[in-house]
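Please look through the sequence and the model below before reading on. The paragraphs that follow begin with a part of the surface and then turn to the chain as a whole and to its charged side chains.

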Amino acid sequence: MGQDDVVKMLEKLSDISERLAKVEVILNERSRATSEIVETLEQHEERIRELEQSDTQMFTTKNLFVWGVATLIAAWGVLH
């Protein structure tokens, strides 16, 4: 292997090293973006749970109100 061959291989290795550095940067950016997406999804999931829980509580309160009114109407009808 001559000196020219060694120089060419070193240039190729240098080129590969530069490409690997670029890939590393891209992977880090994607990893950061993925983390942000996961965090956003977790926040949305928590908000959905809160809304569902609120909806359930509201539905229960609404049912109690309706049953109370129905009972009052029935009692009013029995007394009159």
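**A nonpolar patch and a single helix**

On the surface, Met1, Val6, Met9, Leu10, Leu13, Ile16 and Leu20 form a nonpolar patch, and together these residues have about 730 Å² of accessible area. The model in which this patch appears is a predicted one. One of the patch residues, Leu13, lies in helix H1, which covers residues 3-79. Leu13 counts as exposed because its relative accessibility is 52%, and the cut-off for that word is over 50%.

How many helices and strands does the protein chain have? Its secondary structure comes to 1 helix and 0 strands. The overall dimensions can be read beside this: the C-alpha atoms of the protein chain fill a box of roughly 115 × 15 × 5 Å along the principal axes. The radius of gyration is 34 Å, whereas a compact globule of 80 residues would have one near 12 Å. Buried residues make up 0% of the 80 residues in the chain, and the accessible surface comes to about 7800 Å², with 63% of this belonging to carbon and sulfur atoms.

The protein chain also carries 9 positive and 15 negative charges, and the mean positions of these two groups are 4 Å apart. Where side chains of opposite charge meet, the count comes to 4 salt bridges, and among them are two that involve Arg49. Arg49 forms a salt bridge with Glu45, in which the closest N and O atoms are 2.7 Å apart, and both residues lie in helix H1, 4 residues apart, or about one turn of the helix. The side chain of Arg49 also meets that of Glu46 in a salt bridge, with 3.0 Å from N to O; because Arg49 and Glu46 are 3 residues apart in helix H1, they are separated by about one helical turn.

These three residues can also be described by their accessibility. Arg49 is partly exposed, with a relative accessible area of 42%, Glu45 counts as partly exposed at 42% relative accessibility, and Glu46 counts as partly exposed at 37%.

A further salt bridge joins the side chains of Arg47 and Glu50, at 3.5 Å from N to O. Arg47 and Glu50 are 3 residues apart in helix H1, so about one helical turn separates them. Arg47 counts as partly exposed at 47% relative accessibility, and Glu50 is partly exposed with a relative accessible area of 36%. Returning to the earlier pairs, salt bridges that share partners join Glu45, Glu46 and Arg49 into one network.

Technical notes: Residues are numbered from 1 along each chain as its sequence is written. This is a predicted model: local features need pLDDT of at least 70, side-chain atom pairs count only at pLDDT 80 or more; totals for chains, interfaces and linings use all residues. Side-chain values use heavy atoms; hydrogens and water are left out. Helices (H or I, at least four residues) and strands (E, at least two) are DSSP runs, numbered from the N terminus. The radius of gyration is taken over C-alpha atoms; the globule rule is 2.2 Å times the number of residues to the power 0.38. Buried means under 20% relative accessible area, exposed over 50%, partly exposed in between (1.4 Å probe, protein chains only). Accessible areas come from the Shrake-Rupley method with a 1.4 Å probe; for residues, only the protein chains shown count as cover. Lys and Arg count as positive and Asp and Glu as negative; His and the chain ends are not counted. The place of a charge is taken as NZ of Lys, CZ of Arg, CG of Asp or CD of Glu. Patches are made of residues with over 30% relative accessible area and no salt bridge: like charges are joined within 9 Å, nonpolar side chains (Val, Leu, Ile, Met, Phe, Trp, Tyr) within 5 Å.
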